[in-house]
Amino acid sequence: MHNSTNLLPGSRRIKRCLLLLGLLLGLGCQQAFALIENNLACTPTGTTGVVNLGDLAPGQYFETRMTGSCRVTRNFPYGSSLQHTQVWTGTIDTGWPIYAWSDAGGVVPEQPWGVASTTCMSPNGNVCQRLPVGTIVPYSVLYYMPYGVKNPGNYSITFNLTSTSIKGYEGYVDKIQTLTLKFRIINPACTMSSNSALNLPFGTLNSNDFATSQQLANVTLNC
């Protein structure tokens, strides 16, 4: 009589592998849904919403700034870091990156929340420190594009400034502020395609020659 409780050769190993796979998948699902928000209550004090920069020339520098403060509503055992994302709409051909810099010191990297950076939020500059409930943390982040956008077109970019806890607590995240810039890159009305400097040899002149001596210079404008 066949005993159904006796496993076939190798089946125990397969069973253990399936069990291990299930545990790994379960752990991955827990991590995927482990982000916890509402750890900060933030209030912007500067520019908010949508900012229209108007018409800009190709390559023209532009900047914007986020400022405000956050009150800690859940304890951060080791502190919390800053990061941001950029979302472009419209014509996409920027040519150069946009940088973000915290006035407290340090680059605010472009990366998703849940991934901690080395630039911390702190009431004492860029110091990574414990933030107990009730702590007020100021923030001031400058976004700038030193070489501007090259190609003509309509542009819109949305900056999302976020917070991620550090040192094993990266699941605690918050959206601090969102700001959208809109602008149009236009070509100048006229550009000079000829050389900006010309040598015109007049030779040796005396005061009597000034009224009659002449040279021709070709200047080409594209309008």
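A salt bridge is taken here as a side-chain nitrogen of Lys or Arg within 4 Å of a carboxyl oxygen of Asp or Glu, and the structure, which is a predicted model, holds two of them. The chain has one helix and 11 strands, and along the sequence the helix precedes the strands, in the pattern α-β-β-β-β-β-β-β-β-β-β-β. The points below take up the salt bridges, the sheet, one buried residue and the chain as a whole.

**Salt bridges**
- Arg184 pairs with Asp55, and the closest N and O atoms of this salt bridge are 2.8 Å apart.
- This pair links distant parts of the chain, since Arg184 belongs to strand 9 (residues 173–185) and Asp55 to strand 2 (residues 49–56), with the two positions 129 residues apart in sequence.
- Arg184 is partly exposed at a relative accessible area of 38%, and Asp55 is likewise partly exposed, at 43%.
- In the salt bridge between the side chains of Asp103 and Arg65, the N to O distance is 2.6 Å.
- Asp103 lies in the loop between strand 5 and strand 6 (120–121) whereas Arg65 lies in strand 3, so this pair ties together parts of the chain that are 38 residues apart in sequence.
- Asp103 counts as partly exposed, with 44% relative accessibility, and Arg65 is partly exposed with a relative accessible area of 30%.

**The open sheet**
- Four strands, in the order 1-3-7-5, form an open sheet in which the pairing is antiparallel.
- Strand 1 (40–44) and strand 5 (99–102) stand at the edges and have a single partner strand each, so one side of each is left without a neighbour in the sheet.
- From one strand to the next, the twist averages 30°.
- Strand 3 (residues 62–72) and strand 7 (residues 136–145) run antiparallel and are joined by 10 bridges; within this part of the sheet, Gly68 stands opposite Tyr139 of strand 7.

**A buried position in strand 3**
- Thr64, a residue of strand 3, has 8% relative accessibility and counts as buried because this value falls below the cut-off of 20%.
- Beyond its neighbours within four places in sequence, Thr64 is in contact with Val141, Leu142 and Tyr143, and also with Phe159, Leu179 and Leu181.

**The chain as a whole**
- Of the 223 residues of the chain, 29% count as buried.
- The chain exposes about 14000 Å², of which carbon and sulfur atoms supply 55%.
- Among contacts between residues at least 6 apart in sequence, 79% join residues at least 24 apart.

Technical notes. Residues numbered from 1 in each chain as written. Predicted model: local features only at pLDDT ≥ 70, side-chain atom pairs only at ≥ 80, totals over all residues. Heavy atoms only, no water. Pairing = 2+ DSSP bridges. Axes fitted to C-alpha atoms, helices over the stretch in contact; angles between N-to-C directions. Buried < 20%, exposed > 50% of the residue type's maximum accessible area, 1.4 Å probe, protein only. Contact = heavy atoms within 4.5 Å. Areas by Shrake-Rupley, 256 points an atom, 1.4 Å probe, with all protein chains shown as cover.
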